[in-house]
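Please open the structure in your viewer and follow the stops below in order. Each stop names a selection and then describes what is found there.

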There are 2 protein chains.
Amino acid sequence: MVNLENKTAKGIQTQLHIMEVAIGLFKKHGYDNVSVDRIVKESKTSKGSFYQHFPSKSSIFMNRFMELDERYIKIYEELKPQYPTAIERLEAFCYEVLHCIEEDMGKELMRVIYSAAIISNEHTFFTNEDRKLYIILREIIEDGIKDNSIKNIESTYIFYKILVQSILGAIYFWGLQLDNNKLEYLGRPLIKQLIMSIR
Amino acid sequence: MVNLENKTAKGIQTQLHIMEVAIGLFKKHGYDNVSVDRIVKESKTSKGSFYQHFPSKSSIFMNRFMELDERYIKIYEELKPQYPTAIERLEAFCYEVLHCIEEDMGKELMRVIYSAAIISNEHTFFTNEDRKLYIILREIIEDGIKDNSIKNIESTYIFYKILVQSILGAIYFWGLQLDNNKLEYLGRPLIKQLIMSIR
DNA sequence: TATAACATTAGACTACAGTCTGGTCAAAGG
DNA sequence: CCTTTGACCAGACTGTAGTCTAATGTTATA
């Protein structure tokens, strides 16, 4: 998910190197306690290099977050054969997404992303309807209409938006909590209720 | 909702004055284009004064946002006699909340609040279960169980959390959008679906 | 009233995200 | 081979949120 357009091999390497060092420092000391100056110092690069490859400090996390969509595809493919009906797949997939976000990203990263995404117009990833995750969701809903396991919805598009809002809400809610409750555990009731309502 | 503990009358006046000037400047030039330096200059105060009364720039908005809970109480009281059953009250109340947030606060203010709340541990308002809005929600759900208009829920507490996540999600989703779609319009399908599911 | 304790205020100062400028290097086209 | 274009990089610089210190006002209590 690293930006590949007009980048030299060396450039890509630098970008990856900065990213690795930065993520390492964030993990060790926390996002707020690591400055860009320190990142460029420890990675033996410079401010100019950093901002050549990342539009902002938070976009280091954004890069990782965007990569997650590739994982969703794999998750969906693995999960698909396990459930006979689309509605079951939809429910299981949603839980997997929540699980994956917590395990692979972690709360701090998600907090930074959610905090940045809503104030910067730079991040259009969330609103991009061609995002892989969104495509999968719509696909499963479509399947559910076809196999008649999903009923009681106005349209694929509307229910897909309902789901997106719910997932955003569950994650945001989780991000607010200072305790260690699991995202999947917190978000499950909402998803469950929605799934129940379209059965 | 201005912090009253250990404040002199003069202090409160200063706080209110700063708040008025700041909100005025934000409305005129946008939050990001108004610095704290400018606020203290135009309000003829000082940095020291500003941070005596506000823990951060964004908390000016937070103050306003917290005041909104008083409005919710009034809204609920006015709305209460219009609907015979609790489930109808719950649905109507949720829409009113969304409506109110857009009208009284506006998207920019909510963006700033949502962006700040999830990264700063300073803001416990969202997670405080004694928040007026949350009390009202639980009360209506309780009423619904009593008058038997609400069924199919595991418990008041769980469904209340479902609702809170949904409202957060709807607002966050709205905040992400660059267009001018109304919050109430965007969030309505999710609320409707949930209400339907507990009927 | 005197004084201690604390709220208030001013403004210099710090830390840090992000910008800008100027230079180097690699590759592509003539 | 030369030149042009643009990616890459270094580091000085800027703007701004938030801190610190020291002075001043206010209030409660001895």
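Begin by colouring the two protein chains separately: 39 residues of chain A are in contact with 39 residues of chain B. Please bear in mind that this is a predicted model. The two chains bury an area of about 3400 Å² between them, and carbon and sulfur atoms give 69% of that area. Next, select Ile118(A), Gln165(A) and Tyr172(A), which in chain A lose the most area to chain B, together 23% of what that side buries.

Now turn to the polar features of this interface. The count of salt bridges between chain A and chain B is 2. In the one formed by Lys192(A) and Glu154(B), the closest N and O atoms are 3.5 Å apart. Across the interface, 9 residue pairs are in polar contact.

Display the helices of chain A next. H6 (107-117), H8 (156-176) and H9 (183-197) each supply at least two residues of the side that touches chain B. H8(A) provides the largest share, 14 residues. By type, the residues of that side divide into 23 nonpolar, 12 polar and 4 charged.

Finally, select DNA strand D, which 20 residues surround; Thr8(A), Thr14(A), Ser46(A), Val36(B) and Lys47(B) are the closest. H3(A) gives the most to the surface near this strand, with 5 residues. Zoom in on Thr8(A), where a backbone N or O atom lies 2.7 Å from a phosphate oxygen of strand D. At Thr14(A), a polar side-chain atom lies 2.8 Å from a phosphate oxygen of the strand. The last stop is Ser49(A), with a polar side-chain atom 3.1 Å from a sugar or linking oxygen of strand D.

Definitions and conventions
Residues are numbered from 1 along each chain as its sequence is written. Chains are lettered from A and ligands numbered from 1 in the order in which they are written. This is a predicted model: local features need pLDDT of at least 70, side-chain atom pairs count only at pLDDT 80 or more; totals for chains, interfaces and linings use all residues. Side-chain values use heavy atoms; hydrogens and water are left out. A residue is near a molecule or strand if one of its heavy atoms lies within 4 Å of it. A polar contact is a pair of N or O atoms within 3.5 Å; within protein, one must be able to donate a hydrogen and the other to accept it, and residues adjacent in sequence count only if both atoms are side-chain atoms. Helices (H or I, at least four residues) and strands (E, at least two) are DSSP runs, numbered from the N terminus. Contact means heavy atoms within 4.5 Å. Buried area is the accessible area (1.4 Å probe) that two parts lose on being put together, summed over both. A salt bridge is a side-chain nitrogen of Lys or Arg within 4 Å of a carboxyl oxygen of Asp or Glu. Ala, Val, Leu, Ile, Met, Phe, Trp, Tyr, Cys and Pro count as nonpolar, Asp, Glu, Lys and Arg as charged, and the others, Gly among them, as polar.
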